[in-house]
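Got your viewer open? Let's take a short walk, one selection at a time.

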Amino acid sequence: MTDKKGLIFIISGPSGAGKTTVIRRLLLEMPGLRQCITYTTRAQRPEERDGIDHYFVDEPAFTHLIEDNRLAEWAEINGYRYGTPRAGIDALTTAGKNAVIDIDIQGAAAIKAIYPEAVSIFIKPPSIDVLRERLGMRGETDRLDERLQRVTLEMQQAPRYDYVVVNDMLERAIDAVKAIIGKAEASVRPPGR
Ligand code: ADP
Ligand code: 5GP
């Protein structure tokens, strides 16, 4: 336990914008930052690990999580359900860790309503064409049209976020997010205290 509560960082952006790539690097390079792992009913991708990328559960198990009030928020995205465990966020922040959560625009609004002090960051692709290319690179032709339809809607929400970072050059985007996190930390924990 620590008397200093951790901060919450919400990261959103269209699928393929680079959220996972950016977050993986942040976790490697920022001590004290941990990801709040969310539940999903979608199938696990080959490179993913259960409990690290998501908790992968079936539909009945997800319904139980809702009924047991264990989710701070949940949303249906591209035909699958995703939800943030209440206990996941609280365990991290009370242990003094900063929590990063990769959630969609609805989830971001819900988390901000519960935790108004959370810092929200929108990762924007340089263009829709680049986004399409990145999803193709990842082999995601599944529901591609549906995913791209969501993009316009999601992009319209960008101004509601505390920060918008364009992920054109990866290193620059990572540095920008690190600077945002560093600034938020410094505002609650001035150096030398
Ligand atoms: P998201 O988590 O937002 O869906 P990912 O992080 O999985 O997106 O990135 C989608 C794809 O784009 C991956 O193949 C990733 O390697 C690639 N990618 C991410 N950022 C960049 C970048 N700045 N330049 C080129 N490719 C990128
Ligand atoms: P993916 O399937 O690529 O992991 O995630 C698809 C979308 O779901 C992304 O926009 C991601 O931010 C969002 N997402 C992941 N977990 C959650 C969650 O628990 N709640 C909400 N609202 N969105 C989530």
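Select Thr38 and ligand 2 together: a polar side-chain atom of Thr38 sits 2.8 Å from a nitrogen atom of the ligand. Keep in mind that this is a predicted model.

Stay with ligand 2 and add His54, where a polar side-chain atom is 2.7 Å from an oxygen atom of the ligand. Next, add Asp104: an N or O atom in the side chain of Asp104 lies 2.7 Å from a nitrogen atom of ligand 2.

How many residues surround ligand 2? Show them and you should get 15, with Arg42, Glu73, Tyr82, Asp102 and Asp104 as the closest.

Now leave the ligand and pick helix α1 (residues 19-29) along with helix α7 (residues 170-188). Their axes are 10 Å apart and the helices pack at an angle of about 55 degrees, which makes α1 oblique to α7. The crossing of these two is right-handed. Turn on side chains to see who meets whom: Thr21, Val22, Arg25, Leu26 and Glu29 from α1 touch Leu170, Glu171, Ile174, Val177, Lys178 and Ile181 from α7. Sorted by class, that contact has six nonpolar, one polar and four charged residues.

For the last stop, select helix α5 (residues 128-137) and helix α6 (residues 144-156). Here the axes come within 11 Å and cross at roughly 140 degrees, so α5 is oblique to α6. This crossing is right-handed. On the α5 side, look for Ile128, Leu131, Arg132 and Leu135; they meet Leu144, Arg147, Leu148, Val151 and Met155 in α6. Colour this contact by class and you'll find seven nonpolar, no polar and two charged residues.

Terms used:
Residues are numbered from 1 along each chain as its sequence is written. Chains are lettered from A and ligands numbered from 1 in the order in which they are written. This is a predicted model: local features need pLDDT of at least 70, side-chain atom pairs count only at pLDDT 80 or more; totals for chains, interfaces and linings use all residues. Side-chain values use heavy atoms; hydrogens and water are left out. Axes are lines fitted to C-alpha atoms, for helices over the stretch in contact, and angles run from 0 to 180 degrees between N-to-C directions. Helices (H or I, at least four residues) and strands (E, at least two) are DSSP runs, numbered from the N terminus. Angles under 35 degrees count as roughly parallel, over 145 as roughly antiparallel, 65 to 115 as roughly perpendicular and the rest as oblique. A crossing is left-handed if the near helix is turned anticlockwise from the far one by less than a right angle, and right-handed if clockwise. Contact means heavy atoms within 4.5 Å. Ala, Val, Leu, Ile, Met, Phe, Trp, Tyr, Cys and Pro count as nonpolar, Asp, Glu, Lys and Arg as charged, and the others, Gly among them, as polar. A residue is near a molecule or strand if one of its heavy atoms lies within 4 Å of it. A polar contact is a pair of N or O atoms within 3.5 Å; within protein, one must be able to donate a hydrogen and the other to accept it, and residues adjacent in sequence count only if both atoms are side-chain atoms.
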